[in-house]
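Reader: I would like a close look at the aromatic side chains in this protein and at the parts of the chain that they bring together. Could you take me through them carefully, and then set them against the sheet and the loops around them?

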Amino acid sequence: MLPRSPGNAHGWSPLNGLTALAVMLVAAATIGLFVLQPPGAPVVATEALTESSTLESDDAPEPDPMPNPSLASPLSIPSPQPTFPPDEVDKAWPKNPPWDACPAPVWPGQPNAGSPGGGRRVLVLGDSLTRDSQKPMTRFLKESGWTPTFRCWGSKRLDWGLDQVKRAKELDQLPEFVIVALGTNDISWVQPAVTERRVATMLKRLGPDRQVLWVDLDIAYSSFSMQRAEWFNKMIRQVAEDRANLEVVPWEKIARDEKAARFDGIHYETSGYRLRARALTDALDRRAVEVGTPVTATPTP
């Protein structure tokens, strides 16, 4: 018979206490409330352990990777800006033109926007009257949506103009609209028959499908020159009657009606050249409306 363990008055002993604790731990493990932890570790519920195991299983989704700030979204990449070919300068023109010549003709790479020009190009052929009105006329043309190229040289005649048309064709720079302001230097030095033949040749080279505006003459310095100017204006109007693509700009009437300020019998003061530039631009605008104005041109990259 074993000896009685030391205990309290009710018969409890440390051995009996350990036995009771063991029974309780076995029961708790059986019903799934607790798991045994190493000494000193916190008690972890079985349900929490089960959830963690589920996330680590093979069927669990992979966590999203951290975004890489160096990779921009396609929506955040700006679209490329339209580019245009560079301006083309006629290399056959003198690099240092003399005082009476215009700067080298420029074929702009970027068309201008606006109406009624709609970005279309216009070539302006002329002598010193065009040279001295080029600056205001360029501004007026651009404001109306035209993209101008000037070929002008003081004291030049129609034979020079024919060479300019040929050169523009060689460069593929002969647009749908052309303004011709030549004849002032022909009437006093060239026989009328030769002048008339050169006008016909000019129109033939420009072709029937090209819109041509010819500026008539305003001369006031000698009776001989004034008579020749009157002949020229009458001749060019007769030619225009048989050509639907040719229109005469009545500059003589405009200059007289508006009392254009003159420098001499041929040339004008600054206000006179500004008036001329405005009159030619307005005539071109009206012509564009008559033949049909396109939607504003979209520059081709």
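**Aromatic pairs and their surroundings**

Author: Tyrosine 268 has a relative accessibility of 4%, so it counts as buried, the limit for that class being under 20%. This value, like every other one here, comes from a predicted model. Tryptophan 251, with a relative accessible area of 1%, is buried as well.

A search of the whole structure finds six aromatic pairs. In one of them, the ring centres of tryptophan 214 and phenylalanine 232 are 6.4 Å apart and the planes stand at 50 degrees, so this pair is classed as tilted. Its two members come from distant parts of the chain, since tryptophan 214 belongs to strand β6 (residues 211-215) and phenylalanine 232 to helix α6 (residues 223-241), 18 residues apart. Tryptophan 214 is buried, with a relative accessible area of 0%, and phenylalanine 232, at 0% relative accessibility, also counts as buried.

Another pair is formed by tryptophan 251 and tyrosine 268, whose ring centres lie 5.5 Å apart with their planes at 80 degrees, so the arrangement is edge-to-face. Because tryptophan 251 sits in helix α7 (residues 251-257) and tyrosine 268 in the loop between α7 and α8 (270-291), the pair ties together parts that are 17 residues apart in sequence.

Trp214 and Phe232 are also members of one aromatic cluster, which they form with Trp231. Elsewhere, rings lie under charged groups: lysine 156 is placed over the face of tryptophan 153, at 5.1 Å from the ring centre, while the charged end of arginine 278 sits over the ring of phenylalanine 140, 4.4 Å from the centre of that ring.

The strand that carries tryptophan 214 is part of an open sheet of five strands, which are ordered β4-β3-β5-β6-β7 and pair in parallel. At its edges are β4 (147-152) and β7 (246-249), each of which pairs on one side only. Averaged over this sheet, neighbouring strands are turned by 20 degrees against each other, direction ignored. Strand β5 (residues 177-181) runs parallel to β6 and is joined to it by four bridges, and valine 178 has valine 212 as its bridge partner in β6. Helix α5 (residues 192-206) packs on the sheet, where it touches β3 (121-126), β5, β6 and β7, and its direction makes about 155 degrees with that of β6.

Some loops show backbone features that deserve a separate mention. The loop between β2 (106-107) and β3 holds proline 116, and the peptide bond leading to this proline from serine 115 is cis, with omega near 10 degrees. In the loop between α4 (158-170) and β5 lies aspartate 172, a residue other than glycine with a positive phi, near 55 degrees; at 67% relative accessibility, aspartate 172 counts as exposed. Lysine 259, in the loop between α7 and α8, likewise has a positive phi, of about 50 degrees, although it is not a glycine, and with a relative accessible area of 70% lysine 259 is exposed.

As for the wider setting, the protein has eight helices and seven strands, and 39% of its 301 residues count as buried. Among the contacts with a separation of 6 or more, residues 24 or more positions apart account for 73%.

Notes:
Residues are numbered from 1 along each chain as its sequence is written. Side-chain values use heavy atoms; hydrogens and water are left out. Rings of Phe, Tyr and Trp (its six-membered ring) pair if their centres lie within 6.5 Å; planes under 30 degrees apart count as stacked, over 60 as edge-to-face and the rest as tilted. Buried means under 20% relative accessible area, exposed over 50%, partly exposed in between (1.4 Å probe, protein chains only). A charge sits over a ring if NZ of Lys or CZ of Arg is within 6 Å of the ring centre and within 35 degrees of the ring normal. Two strands pair if DSSP finds at least two bridges between them. Axes are lines fitted to C-alpha atoms, for helices over the stretch in contact, and angles run from 0 to 180 degrees between N-to-C directions. Contact means heavy atoms within 4.5 Å.
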